[in-house]
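Reader: Let's skip the grand tour. Pick one part to look at closely, start out at the surface and work your way inward, then tell me how that part sits in the rest of the chain.

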Amino acid sequence: MKRSNRLGTWLRSYAITGVVALVGVGLWQGSAWSFGGAETAVVIPAPAVDEPTGTSHSETAIFAGGCFWGVQGVFQHVKGVTSAVSGYTGGAAQTADYQQVSGGDTGHAESVKVTFDPTQVSYGDLLQIFFSVAHNPTELNRQGPDSGTQYRSALFPLNDSQQQVANAYIAQLQASHSYDQPLVTRVESNGHFYPAESYHQNFLTEHPDSLYIMINDQPKIKQLEHLFPTRYSQQPVLVKQ
């Protein structure tokens with residue numbers, strides 16, 4: 001099966017299995033830093049357009065921004081989020097598994113389904129965190145050491161209100177010139193979400209010392225706490241397995 005990025009695949013395989021000669025860790029860590037690493041958070045304005053605050057205490061949104069380990073980990077530390085599940089969105093049910101999605105030709109993106117209380121945190125608030133901390137929205141079909149369409153920056157609105165807010169915010173951020181490059185985030189309509197395998201859930205929390213997590217994802221949690229202190233929760237909301 002085709003692999004989109006050998007280094008990214010090796011790093012993720014290492015993070016899962018932990019099987020590697022200790023003497024080689026330093027060499028591979030240097031390669032990882034040169035080919036990827038944590039993206040730098042960007043300070044951006046809040047959305048000018050957001051969903052109105054209603055009486056509902058539960059809403060769901062789907063975000064895709066590279067490896068789902070880091071995106072899930074970020075949203076699990078956001079106050080008002082009640083669940084964040086890693087999975088696959090954009091393709092068919094029969095190809096929604098890690099091995100096939102890793103080939104890069106299923107149409108799926110590694111994604112995270114976030115359930116949240118909109119009376120505590122709005123969809124627009126989550127978008128601000130997504131674009132600022134969770135990933136780099138200017139990288140086309142890649143994040144850090146991982147490349148391929150499965151790592152694309154994408155939003156999957158689940159209703160007309162989310163679609164309006166998402167499109168308006170992307171236009172706002174483009175006009176603000178907060179980034180050195182144009183945003184490449186796609187707003188896609190195929191929002192059927194398929195949960196990922198159990199070993200992918202809570203990966204950042206359960207494997208904090210893995211090479212991949214230390215390089216690419218732990219800095220995102222620190223950036224979330226630094227840039228969004230009132231939205232940061234020290235205790236993550238974990239997936240029950």
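Author: Let's start outside, at His177, which is exposed with a relative accessible area of 66% (exposed is over 50%, buried under 20%, partly exposed in between, using a 1.4 Å probe and protein chains only). Before going in, some ground rules: this is a predicted model, where local features need pLDDT of at least 70 and side-chain atom pairs count only at pLDDT 80 or more, while totals for chains, interfaces and linings use all residues. Residues are numbered from 1 along each chain as its sequence is written, and side-chain values use heavy atoms, with hydrogens and water left out.

His177 sits in the loop between α6 and β7 (186-187). Helices here are DSSP runs of H or I with at least four residues and strands are E runs of at least two, numbered from the N terminus. The backbone of His177 has a positive phi near 55 degrees, although the residue is not a glycine. Asn141 also has a positive phi without being a glycine, at about 55 degrees. That one belongs to the loop between α5 and β4 (142-143) and is partly exposed, at 26% relative accessibility.

So much for the loops; the part I'd zoom in on is the aromatic cluster. The whole structure has 8 aromatic pairs. To count, rings of Phe, Tyr and Trp (its six-membered ring) need centres within 6.5 Å; planes under 30 degrees apart are stacked, over 60 edge-to-face, and the rest tilted. Phe63 and Phe130 make a tilted pair, with 5.3 Å between centres and 45 degrees between planes. Phe63 comes from strand β1 and Phe130 from helix α5 (residues 123-134), so this pair ties together parts that are 67 residues apart in sequence. Both ends are buried: Phe63 has 0% relative accessibility, and Phe130 has a relative accessible area of 0%.

Next door in sequence, Phe131 pairs with Tyr169: the ring centres are 5.7 Å apart and the planes stand at 75 degrees, so the pair is edge-to-face. Here the link runs from helix α5, which holds Phe131, to helix α6 (residues 160-176), which holds Tyr169, so it ties together parts 38 residues apart in sequence. Phe131 is buried at 1%, and Tyr169 is buried at 1% as well. Zoom out a notch, and ring pairs join Phe63, Phe75, Tyr123, Phe130, Phe131 and Tyr169 into a cluster.

Tyr169 leads us on to a proline. Pro47, in the loop between α2 (25-35) and β1, touches Tyr169 along with Gly124, Gln128 and Gln172, leaving aside residues up to four places away in sequence (a contact is heavy atoms within 4.5 Å). Pro47 is buried, with a relative accessible area of 14%. Its C-alpha is 7.9 Å from that of Val165, even though the two are 118 residues apart in sequence.

Phe75, another member of the cluster, takes us to α3. All 9 of the 9 residues of α3 are buried, so this helix is largely enclosed by the rest of the structure; among them are Trp69, Val71 and Phe75. In the loop between β1 (59-65) and α3 (68-76) you'll find Cys67, buried at 5% relative accessibility. The unreviewed UniProt entry annotates Cys67 as "active site"; such annotations may be inferred rather than shown by experiment.

How does all that fit into the rest? The chain has 8 helices and 8 strands, and buried residues make up 54% of its 241 residues. Of the contacts between residues at least 6 apart in sequence, 81% join residues at least 24 apart.

One last stop, helix α8. Its 17 residues (211-227) should span 24 Å at 1.5 Å a residue, and the end C-alpha atoms are 24 Å apart, which agrees (the expected span is 1.5 Å times one less than the number of residues). There's still a kink of about 40 degrees at Asp217, shortly before Pro219, with the bend taken between axes fitted to the seven residues ending there and the seven starting there. Asp217 is one of the buried residues of α8, as are Leu211, Ile213 and Leu224.
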